[in-house]
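This report goes through the fold of one chain, its helices and its contact with a second chain.

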Amino acid sequence: MIAPHLQRQLTDPFRKTINREPLPLVAIGVPWLTVMLGTLSPTWPIIASAPVLPPLGFLFMLAWRQQRPGLLPVWAGLPLGLFDDLYSGQPFGSAVLLWSLAMLALDAVEVRFPWRNFVINWLEAAILIMAYLLFGLLFANAGGGSTPLRVIGPQAVISVLLYPLCGRLMALFDRFRLIPFRAID
Amino acid sequence: MAPPVTRRTGFSRRAQYTTFFGYVAGIAGAIVGVFFLFVSIYDHNAFAGLRGVAGDAVRPAAATAASGRSGGQSLIATIEGYFFAATKNAELTREAQVTRVKLVEARALAEENLRLKAVLGLMQEDPNPVAAARIVGSTSASTRRFATISAGSAQGVAIGMPVRSPMGLVGRVLEVGRNSSRVLLVTDTESVVPVRRASDGVPGFANGRGDGTLQIRLISLGINPLKKGDTFVTSGSGGLYRPGTAIAVVSELTRDGAIARVLSDPGATEFVVVEPLWNPARELPAPAVPQP
């Protein structure tokens, strides 16, 4: 029964968090959903004549993986990359491969350096982002393009600088994800 | 940050298997990616159908977002306008004076053209556009330059059709979905458009450079006759693009050609028109069948 529960909550706000738990669908689904929304950035109302937008889906996935290790499984690169390939314009399979490898690499780094701070996380993400853009360029060129390396320079700088902001954004979504909506009866 | 405990599975068989198969699936994902990549590099159209369905799926949302785009961009232009108002005013006044003279000349030329065409018995053929559509997206994070438009096979769009805006050529249709299609923009590095200089018809090719500009390469090598500000139009060779569609203005000279700025910046274009193929392949003569 939702109505009496809501009424109780409004009349007594201090009961809000007691005896409540987050909705499982939201708690598990939000990371996937945010990465997919980032992936859909090619349909945003920005039509670029040069690659300038950072690969937002990839940045969001890195941010989730660094903030909440284990929330996205190691194999998350396969389905999320598949979705990204549908819209990114890269040769199909480019994101499946690179996102899967990135997840494995993050896992390996985590074993090697279990205690990390902001700078190490950012450094790790920066290396992965630049490698991702570089290999993305190589795959795109293998698939018919012949774009010179200098074209991705601005994009790499923007992406690395924007990464901490993406992390903050995902932290916001993380808090939303864990809001206890559901009453335990 | 605290070290994660996801790897330490303890004695739980279930947790051990979950972790193990997680890694197996992760590595399998990378292998699947390699497979997809090879398939798509060797056959560019291997996943075109899938992408068409995906494009159709997000089309309504993307079209709504696109309708807000012109508003957002005009806001930036308005703010910019305050800073450059005086210089722009002077520049435009000068330009208007020049243009007025040119307009009269052009009118005279058009009349002469019409008269000569009548003499030759040529028909004035104006292409009936196949469809008008909105640019609903572009691959803004990839080095390839594709755009998605909001018209597909249901509106009569077919592969290879040129896409243009009032400003000039935008690209050509590469993949067609039901209600959306994918356009190879002229700025993509794979796009080559046969062009000629508008003033005297110096022929060349316009090759995309992937960063919003075009590389103009002239067919006849020698002394570079190009100057800054030269306008290029499509020449119609090859039969794909209708001749006379404006495409780019030279902004920088190189040794054997020039770098040109695209006239119809897809970012500033909201509506585009899909034109029929100028000289479809079916009109070409069939290859001669060798007689036994």
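## Fold of the two chains

Helices and strands here are DSSP runs, of at least four residues for a helix and at least two for a strand, and they are numbered from the N terminus. On that basis, chain A reads α-β-α-α-α-α-α-α-β along its sequence, which amounts to seven helices and two strands. The model is predicted.

Of the 185 residues in chain A, 44% are buried. Contacts between residues at least 6 apart in the sequence of chain A are made up, to 71%, of pairs at least 24 apart. Chain B has three helices and twelve strands. Its 292 residues are 34% buried, and in chain B 58% of the contacts between residues at least 6 apart join residues at least 24 apart.

## Helix α3 of chain A

Helix α3(A) covers residues 56-67. Its twelve residues should span 16 Å at 1.5 Å a residue, and the end C-alpha atoms are 16 Å apart, so the two values agree.

Is α3(A) enclosed or not by the rest of the structure? Eleven of its twelve residues are buried, so α3(A) is largely enclosed. The buried residues include L56(A), F58(A), L59(A), F60(A), M61(A) and W64(A), and also R65(A) and Q66(A). They pack against α2 (24-39), α4, α5, α6 and α7 (153-177) of chain A. For M61(A), contacts beyond four places in sequence are with V35(A), L72(A), L80(A) and W99(A).

## The pair α4 and α5 of chain A

Two packed helices are described by the angle between their axes and the distance between the axes. For α4 (residues 77-88) and α5 (residues 94-112) of chain A, the axes come within 7 Å and cross at roughly 145°. The crossing of α4(A) past α5(A) is right-handed.

On the α4(A) side, the contact is made by G77(A), L78(A), L80(A), G81(A), L82(A), D84(A), D85(A) and S88(A). On the α5(A) side, the residues are S94(A), A95(A), V96(A), W99(A), S100(A), A102(A) and M103(A). By type, the residues of this contact are eight nonpolar, five polar and two charged.

## Helix α6 of chain A

Helix α6(A) has 25 residues. From its first C-alpha to its last it reaches 36 Å, close to the 36 Å expected at 1.5 Å a residue. Just after α6(A), G144(A) takes a positive phi of about 125°.

The buried residues of α6(A) are N121(A), A125(A), L128(A), I129(A), Y132(A), L133(A), G136(A), L137(A), F139(A) and A140(A). An α-helix has 3.6 residues a turn, so residues three or four places apart point the same way. The partners of these buried residues are α3, α5 and α7 of chain A, together with α1 of chain B.

## Nonpolar cores

In soluble globular proteins, nonpolar side chains tend to be buried together. In this model the largest nonpolar core has 45 residues, and L59(A), F60(A), M61(A), W99(A) and A102(A) have the most contacts inside it. At least two residues each come from α3, α4, α5, α6 and α7 of chain A and from α1 (13-42) of chain B. The largest share, nine residues, is supplied by α5(A).

Another core, of 40 residues, lies apart from this one. Among its residues are I135(B), I149(B), V157(B) and I216(B).

## Contact between the chains

How many residues does each chain bring to the contact? Chain A gives 56 residues and chain B gives 57 residues. On the side of chain A that touches chain B, α4, α5 and α6 (118-142) each supply at least two residues, and α5(A) has the largest share, with nine residues. That side of chain A divides into 36 nonpolar, 18 polar and two charged residues.

P51(A), in the loop between α2 and α3 of chain A, touches residues of both chains: V151(A), I152(A) and Q155(A), together with S140(B), A141(B), S142(B) and T143(B), leaving out residues up to four places away in sequence. P51(A) counts as buried because 30 other C-beta atoms lie within 10 Å, where 20 or more are needed. P51(A) and A156(A) are 105 residues apart in sequence, yet their C-alpha atoms are 9.9 Å apart in space.

Note on methods: Residues numbered from 1 in each chain as written. Chains lettered and ligands numbered in written order. Predicted model: local features only at pLDDT ≥ 70, side-chain atom pairs only at ≥ 80, totals over all residues. Axes fitted to C-alpha atoms, helices over the stretch in contact; angles between N-to-C directions. Left-handed = near helix turned anticlockwise from the far one by under 90°. Contact = placed C-beta atoms within 7 Å. Nonpolar A, V, L, I, M, F, W, Y, C, P; charged D, E, K, R; others polar. Expected span 1.5 Å × (residues − 1). Core = buried A, V, L, I, M, F, W, Y, C linked by C-beta atoms within 7 Å.
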